[in-house]
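Hi everyone, thanks for coming. Let's look at one structure together and see how some of its helices fit against each other.

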Amino acid sequence: MNNILAKRNNQAWWYIFPALLLLALFLFIPALLSIYYSLTNYYMLAPQDRQFVGLLNYLNLFKDPVFWTSVKNIGQFVLFVMPIQVGTALGLALIVNRKRPWNTFFKVSFFAPVVVSLAVTSVLWLYILNPDQGLLNNLLIKLGMHAQPLLTSPKQAMFAIIGLSAWQGAGYQMLIFLAGLQNIPTELYEAARIDGASKWERFLHITLPLLKPTSLMILTTTFIDAFKLIIQPMIMTQGGPLNSTITPVYYIYRTGFTDRQLGYASAMSVIYGLAIILFTLIQRKITGAGGDQNA
């Protein structure tokens, strides 16, 4: 019996070995190298001059005003994009969950932005939001309103990116919400309707509670994805104007691959990665994602 169990365990390890190898190559080893490089003055154009500098990169990081600006920007992005994107996704799911003509058309239309790459979407919206000849400003002028600076304004640029991001990502979350809605027994709604419950009461006391596991999963994934914002500001604003749309991930990329300061970029990566882990744990604790689902 023990020989059989040992043989099965060996077979199991061989099955998971490819996945472990990929994790090691693309996750564990790069993470360890980032920690090591963060303790050096690694300059990509002179790797032979790399020297150990200890915590100097981390000390410089906490005195870097651009880094703290990027942290403030990503905080603003997360604060606004999460309720807008998740709320839009839930609203769209409620729309397509009801049986009506053209329902398939609406599902495809709402999901269509998801299948387009963020790079293409960002270029498209770059033309729409162009302050001089953009579609949005032309529409505002025809409606008798003033043209807006949009991506050229430090006060409006981040909100333009927030709107684009929520529009692009809501379709995917809509499908997840839709799957959760379709798993709710219709008998519960029928019983509540017989008892005289209004649509709002049925939504508040049946839909939302039974969507809690789905909602927690969507909130966690949206929260993590929001912290990885890079493509939209990279293509649309290059972090400007006046660093109003620069984000930590974009700043890490620019420092490491444009300025070639790999040691300093690695230090930012370590700090930012730990911060995302910490905030994710806090968010899961607040929303109850780590608690007993049967409670």
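I'll go through one helix, then a pair of helices, then a single residue.

A quick word on the source: this is a predicted model, where local features need pLDDT of at least 70, side-chain atom pairs count only at pLDDT 80 or more, and totals for chains, interfaces and linings use all residues. Residues are numbered from 1 along each chain as its sequence is written, and side-chain values use heavy atoms, with hydrogens and water left out.

Let's start with helix α5, residues 118–128 (helices are DSSP runs of H or I, at least four residues, numbered from the N terminus). Which residues of α5 are buried? They are T121, S122 and I128, where buried means under 20% relative accessible area with a 1.4 Å probe, protein chains only. Seen down the axis of α5, the buried residues fall within an arc of 115 degrees, so they line one face of the helix. That arc is taken from the directions from the helix axis to the C-beta atoms. These buried residues pack against α4, α6, α7 and α11.

Now the pair. The axes of α3 (residues 65–97) and α7 come within 6 Å and cross at roughly 40 degrees. That makes α3 oblique to α7; oblique covers angles outside under 35, over 145 and 65 to 115 degrees.

Finally, L262 sits in helix α13, residues 262–287. Its C-alpha atom is 5.5 Å from that of Y42, though the two are 220 residues apart along the chain. Leaving aside neighbours within four places in sequence, L262 is in contact (heavy atoms within 4.5 Å) with Y37, Y42 and M44.

Note on methods
Buried means under 20% relative accessible area, exposed over 50%, partly exposed in between (1.4 Å probe, protein chains only). Helices (H or I, at least four residues) and strands (E, at least two) are DSSP runs, numbered from the N terminus. Axes are lines fitted to C-alpha atoms, for helices over the stretch in contact, and angles run from 0 to 180 degrees between N-to-C directions.
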